[in-house]
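Here is a short report on the core, one helix pair and a few loop residues. Keep the sequence and the model in view as you read.

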Amino acid sequence: EDPRCPICATFEQTVGSTVKKDLDAGKYKIQYIGGTFIDGDSDEKGKIQIGSRGEGSKNAMSAMGAALNVSQEAFLEYKSALYSAKYHPEETTDKFKSDDYLIKVANTVSALKNNTAFQNAVKKGTYDKWALVMGDRFNTDGKKYGFQGTPTLLMDGKIVTGSDGKNPPM
C-alpha cells in the first residue's frame with residue numbers, strides 16, 4: 001500500500017474491519033509493506049526520483065513507523081484513520097506532507113492522542129529512514145512478484161485477487 005493511494009483507502013474503508021477481525025482471530029498474520037511511489041520515488045524504468053511528486057507518502061509512512069513503535073494496535077488504528085473517508089486526501093493533494101495534519105489524525109487514536117513521544121518522532125522524522133526502506137522493499141517486491149497496482153495482497157508468494165482475477169478482493 002501507499003498511504004496516498006485512493007484505492008488503498010477504498011480497500012481499507014471497505015474490508016479493513018473484516019481484515020482486522022480475522023487478524024485478531026488468528027486466521028493469518030500480516031506483514032505490511034508500504035510504498036512511496038506516489039511521491040515520485042520510481043518510474044517505469046526503475047529509476048529513483050525521490051520526491052518528484054510530493055512527500056506525503058514518505059511522511060505518512062514515517063508517522064506509521066512512529067505509531068508502530070507505540071504498539072501494533074496503534075499502528076493498525078492509525079493506518080485505518082489515515083485511510084478513512086474523513087482524513088484521506090485526494091491523491092493529487094499532498095496533505096500528508098504536513099506533520100501537523102498527521103498528528104491531527106493521530107489524535108483520533110487513543111494510544112496516540114496527545115502522545116508526546118509519538119509527536120516528537122513525527123516532527124523529528126525519527127522513522128524517515130524506515131519509510132524509505134519500506135518504499136525500497138515495496139519496489140523490490142513489486143519487481144519480484146509483478147505488482148500491477150496497489151493495494152496488492154500476497155499470500156504464500158502469490159498475488160491474491162478478487163473475482164475479476166486482476167484487482168484485490170474488495
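The text below goes from the core to a helix contact and then to the loops.

This is a predicted model, in which local features need pLDDT of at least 70, side-chain atom pairs count only at pLDDT 80 or more, and totals for chains, interfaces and linings use all residues. Residues are numbered from 1 along each chain as its sequence is written, and side-chain values use heavy atoms, with hydrogens and water left out.

**Core**

A nonpolar core is a set of buried Ala, Val, Leu, Ile, Met, Phe, Trp, Tyr and Cys residues joined through side-chain atoms within 4.5 Å. Buried means under 20% relative accessible area, exposed over 50%, and partly exposed in between (1.4 Å probe, protein chains only). The largest such core has 32 residues. Met64, Tyr78, Leu82, Leu102, Val105, Leu112 and Phe118 touch the most other members. Two or more residues each come from α1 (6-24), α2 (56-70), α3 (72-82), α4 (99-106), α5 (116-124) and α6 (128-145). Helices (H or I, at least four residues) and strands (E, at least two) are DSSP runs, numbered from the N terminus. The largest share, 6 residues, is from α2.

Take Val105. Beyond its neighbours within four places in sequence, Val105 is in contact (heavy atoms within 4.5 Å) with Tyr78, Ala81, Leu82 and Tyr87.

**α2 against α6**

The axes of α2 and α6 are 8 Å apart, at an angle of about 115°. Axes are lines fitted to C-alpha atoms, for helices over the stretch in contact, and angles run from 0 to 180 degrees between N-to-C directions. The two helices are therefore roughly perpendicular (65 to 115 degrees). From α2, Lys58, Met61, Ser62, Met64, Gly65 and Leu68 take part; they meet Asp128, Trp130, Ala131, Leu132 and Met134 of α6. These residues divide into 7 nonpolar, 2 polar and 2 charged. Here Ala, Val, Leu, Ile, Met, Phe, Trp, Tyr, Cys and Pro count as nonpolar, Asp, Glu, Lys and Arg as charged, and the others, Gly among them, as polar.

**Loops**

Three loop residues are set out here.

| Residue | Loop | Relative accessibility |
|---|---|---|
| Phe37 | between α1 and α2 | 24%, partly exposed |
| Asn114 | between α4 and α5 | 54%, exposed |
| Asp156 | between β1 (153-155) and β2 (158-160) | 76%, exposed |

Most residues other than glycine have a negative phi. Asn114 has a positive phi of about 55°. Asp156 also has a positive phi, near 55°. The C-alpha atoms of Phe37 and Phe118 are separated by 25 Å.

Definitions and conventions. Parallel < 35°, antiparallel > 145°, perpendicular 65-115°, else oblique.
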